[in-house]
Structure formats: structure tokens, C-alpha cells
Amino acid sequence: MSEEFILPDLPYAYNALEPYYSEQMLRLHHDKHHAGYVNGLNMALKKLKEARDTGDYSLIKHWEREMAFHGAGHWFHSLFWENMHPGKEDNKPGRGELFDAILRSFGSYEKFLAQFKAATIAVEGSGWGVLAKDPEGNLHIFAVENHQKVWVPGLAPLLVCDVWEHAYYLQYQNRRPEWVDNFIKLINWKDVEKRYKKK
Ligand code: MN3
């Protein structure tokens, strides 16, 4: 990999997610935190290339960990931005393939929502609530703590909710459940369905 990763632009204006997600918090989260992951990923890749060129692999474990940590951060945040759009109080997925999969996998949309919220609020420390698709097209909800370490092979993430403190503290302080409630209003279900339909 020689190409540098770049910070993707947001697919909406910085104030587009108000009042559920403040412009100030979005600027900090995207321009500083996500940018930090992109820089960290590029640095790790550069150091791994140097190791290949010199044959000095003495720090390989360190740079692999750095690559995993920053790479997962970059990947999850890129997904997270696209998972949201301007919010509304009664935000729900429309009828279709994804909605059918939600019914099949969780029993009802309300049950899905209750489990997704509970799993996300219960993340210990920093992490993400994740909705993912398995190779058979069934949906699963799980929490990702320490995003560089936890991965389930074969699961494709469709929807992620960031519950690192930097994602909500400025606006919500310690009220993580309130942030998760408002995240639900911001979900771009068309984006989630597009990802579900991808083979
Ligand atoms: Mn974040």
C-alpha cells in the first residue's frame, strides 16, 4: 500500500445534524479525531514500508498495532458519517430488504431498537455499537470495545454508533443514553440498506 489515506469530507454541512449533534462537536470529531486516525494510519504504513526496505522488523508488533488501531478508527468513522443525515423525531427504516432482515433477525423493529440501544449504552469505556450482516444475510448487534482488537470474521458492519467520550461529551456530558437516543433520529436508513444489499 503506497497510496496515502485521506480524511473524507462529510456528506453534509457541519451544522446539518443540529440539534441532535452540534456543529462544534462535529467539527472537533471529524476535523481533529478522525484526522488523527488518518494521520496515524499513514504513519504506520510508512513505517512498515521502511521496515520492508531496510529489513529491520524489530518494531513490527508496534506498527501493526498502530495500523490496526488507526485503520479501524478511520474505517469506522468513515462509516459513521455516512450512517447519519439530518435527523427527525420519528426516524425509521422504510419497507424493503433491510426492514425484512430486521424483522427476520430480531422479531420486530422495536425489539431491534431496544437491543441496539442497550448494547450501545452498555459498551464499557470507549467503543461502538454495531449492526452487522453475516454471509447468510442475517443481522447481528454487538459492541466493539477497543476497536483494534475486536473483529468477527465474516461480519460486515452496516451501522455504527460512536460512544467514545469524544463523540458526545461536549454536548451530552455523561448522558450517553441521551446521545444514543438522538443518534437513532439521525440514522440514514437508506445508507444502511444500500450496505445491506451489497454482496
Ligand atoms: Mn469517534
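Both faces of strand 1 are covered in this predicted model. On one side sit Gly127, Gly129, Leu131 and Lys133, on the other Trp128, Val130 and Ala132, and every one of these residues is buried. That fits the count for strand 1 (residues 127-133), where seven of seven residues are buried. As background, side chains in a regular strand alternate between the two faces of the sheet.

Strand 1 has two pairing partners to look at in turn. With strand 2 (residues 139-145) it pairs in the antiparallel sense, over seven bridges. Two points along this pairing are handy for finding your way: Trp128 stands opposite Val144 of strand 2, and Leu131 has Ile141 of strand 2 as its bridge partner. The hairpin formed by strand 1 and strand 2 has five residues between the strands, and Gly137 takes a positive phi near 90 degrees there. The pairing of strand 1 with strand 3 is also antiparallel, over six bridges. Here Gly129 stands opposite Cys161 of strand 3.

Now to the metal site. Which protein atoms serve as donors of the manganese ion? They are NE2 of His29, NE2 of His77, OD of Asp162 and NE2 of His166, at 1.9 to 2.2 Å from the ion. Along the chain, these donors follow the spacing H-x47-H-x84-D-x3-H. His29 belongs to helix 1 (residues 23-54) and His77 to helix 2, so this pair ties together parts that are 48 residues apart in sequence. Are these two histidines buried or exposed? His29 counts as buried because its relative accessibility is 0%, and His77 is likewise buried, with a relative accessible area of 0%.

Next come the pockets. Rolling a probe the size of a water molecule over the atoms shows where empty space is left. The two largest pockets are set out below.

| Pocket | Volume | Top contributor to the lining | Lining make-up |
|---|---|---|---|
| Largest pocket | about 210 Å³ | helix 2, four residues | five nonpolar, one polar, five charged |
| Second largest pocket | about 170 Å³ | helix 7, three residues | five nonpolar, three polar, five charged |

The lining of the largest pocket is made of Trp75, Ser78, Leu79, Glu82, Lys133, Ala156, Pro157, Leu158, Arg195, Lys198 and Lys199. Helix 2 (60-82) and strand 3 (156-162) are the elements that give two or more residues to this lining. Where does the largest pocket lie with respect to domain 1 and domain 2? Domain 1 (23-82) and domain 2 (97-197) both give residues to its lining, so the largest pocket lies between them.

Some of these names will be familiar by now. Lys133 is one of the residues lining the largest pocket, and it is also among the buried residues of strand 1. Helix 2, which carries the manganese donor His77, gives the most to the lining of the largest pocket.

The second largest pocket is lined by 13 residues. Lying nearest its centre are Lys92, Pro93, Gly94, Trp189 and Lys190. Helix 3 (97-106) and helix 7 (189-197) each supply at least two residues of this lining.

Technical notes:
Residues are numbered from 1 along each chain as its sequence is written. This is a predicted model: local features need pLDDT of at least 70, side-chain atom pairs count only at pLDDT 80 or more; totals for chains, interfaces and linings use all residues. Side-chain values use heavy atoms; hydrogens and water are left out. On a 1 Å grid over the protein atoms alone, a cavity is a set of points where a 1.4 Å probe fits but cannot get out, and a pocket is an open set with protein on both sides within 12 Å along at least five of seven lines; lining residues have an atom within 4 Å of a point. Grid points are joined across faces, edges and corners, and a volume is the space filled by probe spheres set on the points. Ala, Val, Leu, Ile, Met, Phe, Trp, Tyr, Cys and Pro count as nonpolar, Asp, Glu, Lys and Arg as charged, and the others, Gly among them, as polar. Domain bounds come from an automatic or database domain assignment. Donors are N, O and S atoms within 2.8 Å of the metal (3.2 Å for Na, K and Ca); water is not among the atoms, so sites may look incomplete. Buried means under 20% relative accessible area, exposed over 50%, partly exposed in between (1.4 Å probe, protein chains only). Two strands pair if DSSP finds at least two bridges between them.
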